[in-house]
Amino acid sequence: MLLRLLSIESTRLFRRALPWVALAACLLYIGLSLYHFYTLNATEIVTGQLALPGLSFDLATSLDQVFMIAMPFLVMIGAALMGDDYAQRTNQHWLIRVSRSTSVLAKFALLALVIVGIFAVTLLFGGAFGLALKTYLYGSASLVGVNALEALWAPVYMTIVVLPYAALMLLLALLTRSTFGSAGLGLIYTLFIELILGSAFFD
């Protein structure tokens, strides 16, 4: 039953533009970040003052930079997933009788898969784009320093870091019974408390 619910929820979610817009925004942001770094430091790299970073740098930068741009979208995706449960009575899932706990678990599992998917695609895109960009700008690229196991584990680790936020979004949606309400509260928490205040106290 859980797998069937997961299939139904994923079909509904991926018919929307929101997850695809989120993925496109993340990839665009990562591409621009890497392009900015390699063009800004072109003189130092060409003259040898700065060593040309390897693939490991591109992978690490991709995951590090994507967190800020991905979080607002993940908040909205989580709110939309849970908000539909009240707006369209999707808890019945086309006459499938399920408990509320099973329904919430399916949504949480789907949100976790979306998160790990975004991080995994971002990691692959950042590595490929970085290699292509360095080859185009400098005629060379290096694969040195990449640990395959760590690269595979990185999207999973980032997902574990983000999962408490995902759980918070579902909880807010359950409490407010509103997609916009939970999204608004989630964005306020994520953008203001985590990013702004966190940066002020820890930088």
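**Exercise 1. Determine whether D58 is buried or exposed in this predicted model, and identify the salt bridge in which its side chain takes part.**

Step 1. The relative accessible area of D58 is 0%. A residue counts as buried when this value is under 20%, so D58 is buried.

Step 2. The model is a predicted one. In it, the side chain of D58 meets that of K134 in a salt bridge, with 2.8 Å from N to O.

Step 3. D58 belongs to helix α4 and K134 to helix α5, so this pair ties together parts that lie 76 residues apart in sequence.

Step 4. The partner is treated in the same manner. K134 has a relative accessibility of 0% and therefore counts as buried.

**Exercise 2. State how many salt bridges the structure holds, and describe the one formed by K107 and E9.**

Step 1. The structure holds two salt bridges. One of them joins the side chains of K107 and E9, at 2.9 Å from N to O.

Step 2. K107 is located in helix α5, whereas E9 is located in helix α1; the pair therefore ties together parts 98 residues apart in sequence.

Step 3. Both K107 and E9 are buried.

Step 4. E9 also appears among the buried residues of α1, together with L5, L6, I8, S10 and L13. Helix α1 consists of 13 residues and reaches 18 Å from its first C-alpha to its last, close to the 18 Å expected at 1.5 Å a residue.

**Exercise 3. Compare the span of helix α2 with the expected value, and list which of its residues are buried.**

Step 1. Helix α2 covers residues 18-40, a run of 23 residues.

Step 2. The expected span is 1.5 Å times one less than the number of residues, which gives 33 Å for α2. From first C-alpha to last, α2 reaches 32 Å, close to that expectation.

Step 3. The buried residues of α2 are P19, A22, L23, C26, L27, I30, G31, S33, L34 and Y38.

**Exercise 4. Identify which residues touch the most other members of the largest nonpolar core, and which elements contribute to this core.**

Step 1. The largest nonpolar core has 32 residues, of which L74, I77, I115 and F119 touch the most other members.

Step 2. Two or more residues of this core are given by each of α1 (2-14), α2, α4 (55-87), α5 (100-138) and α6 (148-176). Helix α4 supplies the largest share, 10 residues.

Step 3. I77 may be examined individually. With neighbours within four places in sequence left aside, I77 is in contact with L13, L18, P19, A22, L111 and V114. Two of these partners, P19 and A22, are among the buried residues of α2, and L13 is among those of α1.

**Exercise 5. Locate G145 and establish how far its C-alpha atom lies from that of G54.**

Step 1. G145 is found in the loop between α5 and α6.

Step 2. The relative accessibility of G145 is 60%; the residue therefore counts as exposed, the cut-off being over 50%.

Step 3. G145 and G54 are 91 residues apart along the chain, and their C-alpha atoms are separated by 7.0 Å.

**Exercise 6. Characterise the protein as a whole: its secondary structure, burial, contacts and surface.**

Step 1. The protein has seven helices and zero strands, in the order α-α-α-α-α-α-α along the sequence.

Step 2. Of its 203 residues, 41% are buried.

Step 3. Among contacts with a separation of 6 or more, 81% join residues 24 or more positions apart.

Step 4. The protein exposes about 11,100 Å², and carbon and sulfur atoms supply 70% of that area.

Key: Residues numbered from 1 in each chain as written. Predicted model: local features only at pLDDT ≥ 70, side-chain atom pairs only at ≥ 80, totals over all residues. Heavy atoms only, no water. Helix = DSSP H or I, 4+ residues; strand = E, 2+ residues; numbered from the N terminus. Buried < 20%, exposed > 50% of the residue type's maximum accessible area, 1.4 Å probe, protein only. Core = buried A, V, L, I, M, F, W, Y, C linked by side-chain atoms within 4.5 Å. Contact = heavy atoms within 4.5 Å. Salt bridge = Lys/Arg side-chain N within 4 Å of Asp/Glu carboxyl O. Areas by Shrake-Rupley, 256 points an atom, 1.4 Å probe, with all protein chains shown as cover.
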